[in-house]
Amino acid sequence: MLTEPLNALTARTMDACGSPAALDVAGGMAVVSPVTGETVATLAVHSAADAQAAVDLASAAFKSWRMVPAPRRGELVRLFGEELRRAKEDLGRMVSIEAGKSPSEGLGEVQEMIDICDFAVGLSRQLYGLTIATERPGHRMMETWHPLGVVGIITAFNFPCAPWCWNAALALVCGDPVLWKPSEKTPLTALAVQAVFERAVERFGDAPEGLSQVLVGGPELGEALTDSSKVALVSATGSTRMGRIVGPKVAARFGRCILELGGNNAGIVCPSADMDMALRAIAFGAMGTAGQRCTTMRRLFVHESVYDQIVPALKKAYASVSVGNPLTSGALVGPLIDRAAFDSMTAALKEAAELGGTVHGGSREAVEGEAAYYVKPAIVEMPVHDGPVLRETFAPILYVMKYSDFDAALEAHNAVGGGLSSSIFTTDLREMETFLSARGSDCGIANVNIGTSGAEIGGAFGGEKETGGGRESGSDAWRAYMRRATNTINYSRELPLAQGVTFDIG
């Protein structure tokens, strides 16, 4: 059990991170921990006018930061990575307090920030363009990449800091200031990370004011970033509903978007699968973070020949999994974020049962009183791929369906709006390669013999269809934070035109 009140632990942890934020502001925005349902802080909120002032400050910072050599910009990110390493334990604890993650998951999220900083430091010397063959003698063509501008970053509660850093580390080495609008449910983690970043800025020595700023408050602040023509790129993580609002508004002013939205992720268990491996991967993918990951496994197609082997094993694992307070126990499954999440889960299970589904688990657990919402993860054996199965419910529900024909299973796999993550468990080369082919999984992430969760920063993260099409983190995702120019240089004494065009004015 905790040896001190949760609000005291919160204050102590924020202080250890170096955050100067006042945590007991009269009339401020309440921050509620899902761990106990207690209010652990009340914060001052920013107004729309504050947001505009922050945009103006970031715009001014851009004018100087874009002229700093990229390797020098990378040095700031390197220092930030060092500070994150020093603060890892405290930041991980803040993630557990605010998002309800287990200690290992909280620390893992901070490690993601450290990893992307390492990636971005190397990237700062690799912002490559191309030299392009030209048809004109005495000419050279090339492309160059330049800083884009202010980047607005809107994050969700379930990953309160890592997605910000996926964006911020790349944006900073690319020459762009960042403005962070965290979820109203997890602003403390953002303020703690900002304090750590400011220590890196102090060590760096000559960064412009306003290079990174945090805006605390409600949707009006996200709207301010979305609407401002001074914000060149808006990277928004959240629901598909949110993306349908943000995307058109940014597009209307010809701004850029990176949208990381919902995912109704699925796995396929084939006859040749390593069943022990599949069991472990499915269990974490479906139950980790209490089902509140955008990459959570929500649907499972199991071949009829192995259905009676793996489904009973899954039900046994679900029945025995530990559910409890992540701050005081070694439980694998923590709380849902709030009452709304619990109600949504309850409604989905009821609808599934009405369609003939057999529900195992899903009950509310008596942990930390009436204000906290802990549940047993649920497996639902479904006779049809319909109803709630086609929608993302942000809770630990795994819908299991039997299949006999691989092509039919693959078609059902793709027959949902989301297109984020997917996986197949097989040792059959044909099934494996088909799943990864153009007619296979239509998701941005397609895995073989691992689950849907746990992406590494080296690969670009994101999905297709209603997931929004955005890409963050590794690979060539950096290009989204820069603008491309094609340059033609004539070093001859002639002026030939392309395509053989003649235009003689002499």
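**Helix packing, two open sheets and salt bridges**

In this predicted model, E223, T226 and D227 of helix α7 meet V246, K249 and V250 of helix α8. Sorted by class, this contact of α7 with α8 holds two nonpolar, one polar and three charged residues. Two packed helices are described by the angle between their axes and the distance between the axes. For α7 and α8 (residues 240-252), the angle is about 30° and the axes lie 9 Å apart. Angles under 35 degrees count as roughly parallel, and α7 and α8 are therefore roughly parallel to each other.

It is helpful to turn next to the sheet on which α7 rests. Five strands make up this open sheet, in the order β7-β6-β5-β8-β9, and their pairing is parallel. At its edges stand β7 (212-214) and β9 (256-260), each of which pairs on one side only. Between neighbouring strands of this sheet the turn is 15° on average, with direction ignored. The parallel strands β6 and β7 are joined by three bridges, and V178 has S212 in β7 as its bridge partner. Helix α6 packs on this sheet and touches β6 and β7, its direction making about 155° with that of β7. Helix α7 (residues 219-227) also packs here, where it touches β5 (150-154), β6 and β8 (231-237); the direction of α7 makes about 150° with that of β5.

A second open sheet has seven strands in the order β12-β15-β16-β11-β10-β18-β19, and here the pairing is mixed. Its edge strands, each pairing on one side only, are β12 (358-361) and β19. From one strand to the next, the twist averages 20°. Helix α11 packs on this sheet and touches β12, β15 (378-381) and β16 (397-403), with a direction that makes about 25° with that of β16. Helix α13 (residues 429-436) packs on the sheet as well, in touch with β10, β18 and β19; its direction makes about 170° with that of β19.

Within the seven-strand sheet, strand β18 deserves a closer look. Strands of a sheet pair through backbone hydrogen bonds, either parallel or antiparallel. On one side, four bridges join β18 to strand β10 (residues 265-269), and the two run parallel. In this pairing A266 stands opposite S422, while I268 stands opposite I424. Four bridges also join β18 to strand β19 (residues 445-448), again in a parallel arrangement, with S421 opposite I445. How many of the five residues of β18 are buried? Five of the five residues of strand β18 (residues 421-425) are buried, so the strand is largely enclosed by the rest of the structure. Both faces of β18 are covered, with S421, S423 and F425 buried on one side and S422 and I424 buried on the other.

Charged side chains add a further layer to the picture, with a count of 28 salt bridges in the model. One of these pairs D338 with K185, whose closest N and O atoms are 2.9 Å apart. D338 lies in the loop between α10 (307-320) and α11 (339-354), and K185 in the loop between β6 (178-181) and α6 (187-204), so this pair ties together parts that are 153 residues apart in sequence. Both partners are partly exposed, D338 with a relative accessible area of 21% and K185 at 34% relative accessibility.

Other salt bridges lie within a single helix. In α11, R339 and D343 are four residues apart, about one turn of the helix, and their side chains meet at 2.9 Å, N to O. R339 is partly exposed, with a relative accessible area of 45%, and D343 is partly exposed at 35%. In helix α3 (residues 70-99), R93 and D90 are three residues apart, about one turn of the helix; the closest N and O atoms of this salt bridge are 3.1 Å apart. Is D90 buried or exposed? At 19% relative accessibility, D90 counts as buried, because buried means under 20% relative accessible area. Finally, a network of salt bridges links E75, R78, E82, E83, R86, R199 and R203.

Definitions and conventions: Residues are numbered from 1 along each chain as its sequence is written. This is a predicted model: local features need pLDDT of at least 70, side-chain atom pairs count only at pLDDT 80 or more; totals for chains, interfaces and linings use all residues. Side-chain values use heavy atoms; hydrogens and water are left out. A salt bridge is a side-chain nitrogen of Lys or Arg within 4 Å of a carboxyl oxygen of Asp or Glu. Buried means under 20% relative accessible area, exposed over 50%, partly exposed in between (1.4 Å probe, protein chains only). Two strands pair if DSSP finds at least two bridges between them. Axes are lines fitted to C-alpha atoms, for helices over the stretch in contact, and angles run from 0 to 180 degrees between N-to-C directions. Contact means heavy atoms within 4.5 Å. Angles under 35 degrees count as roughly parallel, over 145 as roughly antiparallel, 65 to 115 as roughly perpendicular and the rest as oblique. Ala, Val, Leu, Ile, Met, Phe, Trp, Tyr, Cys and Pro count as nonpolar, Asp, Glu, Lys and Arg as charged, and the others, Gly among them, as polar.
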